[in-house]
Amino acid sequence: MRAKIKQIKFADLHVHTSLSDSTFSPEEVIQHAAHYGLSAVAITDHDCVSGISPTIKFASHYDIEVIPGVELTAEIEDCEVHILGFYIDWQNKWLMGELEKICQIRVERIHKMVERLRQSGINITAQEVLELSGKGSVGRLHLARVLEKKGCVSSIEEAFKKLIGDGCPCYVKRLRPTPKEAIGMINKVGGIAVLAHPHTMYGDTLIPQLIQDGIKGIEVYYSDQSEFAIRRYEDLAHKHNLIITGGSDCHGLGKGEVSMGKVKIPYELVEKLKSSVA
Ligand code: AMP
Ligand code: FE
Ligand code: FE
Ligand code: ZN
């Protein structure tokens, strides 16, 4: 008698689409997810939910589950904090209105950053950035891609390092919610708030405050994350009873190489996340 082999399923809980700053359309996201053998993907565009419905539509042609999500940018004590919201009611009118306002602030900030670049003698227009970004949310990665395409910098990395990264001459801050406000938005539409890529903050000192503010989970597994960091955040999750998530943060070819497939978390973690939905 042949032994039954249990098929292990995998998921990626942090994926962007072209509705924010990935080069992959919703259809391409699903095609790549199928290629990498993923059973579930969470769509977590920056301050935007309009990529979710089209992704669900394409996923229906494959056996892939789409988890509705969002990645909100927040700020506290001069530190940018990204909060993932899973299982949100992405069709909620109030949420859509709030995100619309944030996207408008993003557009205004692009105009300001382009103005600074032009004052430094770099000849690009906001129109070029907004055209590249298309529908959804616009961000610095679009700006970096225009700078690279026009030969103003030799790489996306150089654009961030010399011109538009935090603290660089053409960087402009935009009004952002506090983590508590971002978590509140996610909770209001039934979602679970999870701290994204904690290693990108200036240390772990803010984490206790973020737990008090209401994060329920932490993104432990992430593209190119060191074993050391993984262990550190696993320990932190166990200590504070936080749900563990993981994802590639794939931006298509937006950051050079495709990171989808680099992080494949066991589906068991999706089940744990799902069971915590109120
Ligand atoms: P924004 O939300 O407009 O401030 O832009 C943030 C986006 O820029 C996110 O997708 C980040 O991952 C991306 N980003 C930030 N720093 C870098 C960098 N050094 N290289 C490539 N992408 C970056
Ligand atoms: Fe991004
Ligand atoms: Fe992020
Ligand atoms: Zn992301």
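Does Glu 80 count as buried, partly exposed or exposed, and what is its relative accessibility? At 21% relative accessibility, Glu 80 counts as partly exposed, a result that rests, like every value here, on a predicted model.

Glu 80 is a useful place to begin, and its salt-bridge partner comes next. Arg 176 forms a salt bridge with Glu 80, in which the closest N and O atoms are 2.9 Å apart. Because Arg 176 lies in the loop between α6 and α7 while Glu 80 belongs to strand β4 (residues 79-86), the pair ties together parts that are 96 residues apart in sequence. Arg 176 itself counts as buried, at 13% relative accessibility, whereas Glu 80, as noted, is partly exposed. The two residues also belong to a wider network of salt bridges, in which they are linked with Glu 75, Asp 78, Arg 140, Asp 166 and Lys 173. In the structure as a whole there are 17 salt bridges.

Another part of this picture centres on Asp 47, whose side chain meets that of Arg 106 in a salt bridge with an N to O distance of 3.0 Å. Asp 47 lies in the loop between β2 (40-43) and α2 (52-59), and Arg 106 lies in helix α3 (residues 93-119), so this pair ties together parts that are 59 residues apart in sequence. Asp 47 is buried, with a relative accessible area of 1%, and Arg 106 counts as buried at 6% relative accessibility. The side chain of Asp 47 also meets that of Arg 174 in a salt bridge, here at 3.6 Å from N to O. This second pair links distant parts of the chain, since Arg 174 is found in the loop between α6 (156-164) and α7 (179-188), 127 residues apart from Asp 47 in the loop between β2 and α2. Arg 174 is buried as well, with a relative accessible area of 7%.

The loop between β2 and α2 also holds His 46, which leads to the metal ions. The iron ion (ligand 2) is coordinated by His 46 (NE2), His 251 (NE2) and Asp 21, which is listed with OD twice, at distances of 1.9 to 2.7 Å. Along the chain, the donors of this iron ion (ligand 2) follow the spacing D-x24-H-x204-H. Asp 21 lies in the loop between β1 (10-15) and α1 (26-35), so that Asp 21 and His 46, 25 residues apart, link distant parts of the chain. Both Asp 21 and His 46 are buried. A separation of 5.9 Å lies between the iron ion (ligand 2) and the iron ion (ligand 3).

Two lysines are placed over aromatic rings. Lys 9 lies over the face of Tyr 267, at 4.1 Å from the ring centre, and the charged end of Lys 188 sits over the ring of Trp 94, 4.2 Å from its centre. Aromatic pairs, by contrast, are absent, for a search of the whole structure finds zero of them.

The cysteines complete the tour. The structure holds zero disulfides. For Cys 152, which is in no disulfide, the nearest cysteine sulfur is that of Cys 170, 11 Å away; Cys 152 is partly exposed, with a relative accessible area of 31%. Cys 170 is likewise in no disulfide, and the nearest cysteine sulfur to Cys 170, that of Cys 168, is 8.4 Å away. Cys 170 is buried, with a relative accessible area of 1%.

Note on methods: Residues numbered from 1 in each chain as written. Chains lettered and ligands numbered in written order. Predicted model: local features only at pLDDT ≥ 70, side-chain atom pairs only at ≥ 80, totals over all residues. Heavy atoms only, no water. Phe/Tyr/Trp six-rings, centres within 6.5 Å; stacked < 30°, edge-to-face > 60°. Lys NZ or Arg CZ within 6 Å of the ring centre and 35° of its normal. Disulfide = S-S within 2.5 Å. Buried < 20%, exposed > 50% of the residue type's maximum accessible area, 1.4 Å probe, protein only. Salt bridge = Lys/Arg side-chain N within 4 Å of Asp/Glu carboxyl O. Helix = DSSP H or I, 4+ residues; strand = E, 2+ residues; numbered from the N terminus. Donors = N, O, S within 2.8 Å, 3.2 Å for Na, K, Ca; no water.
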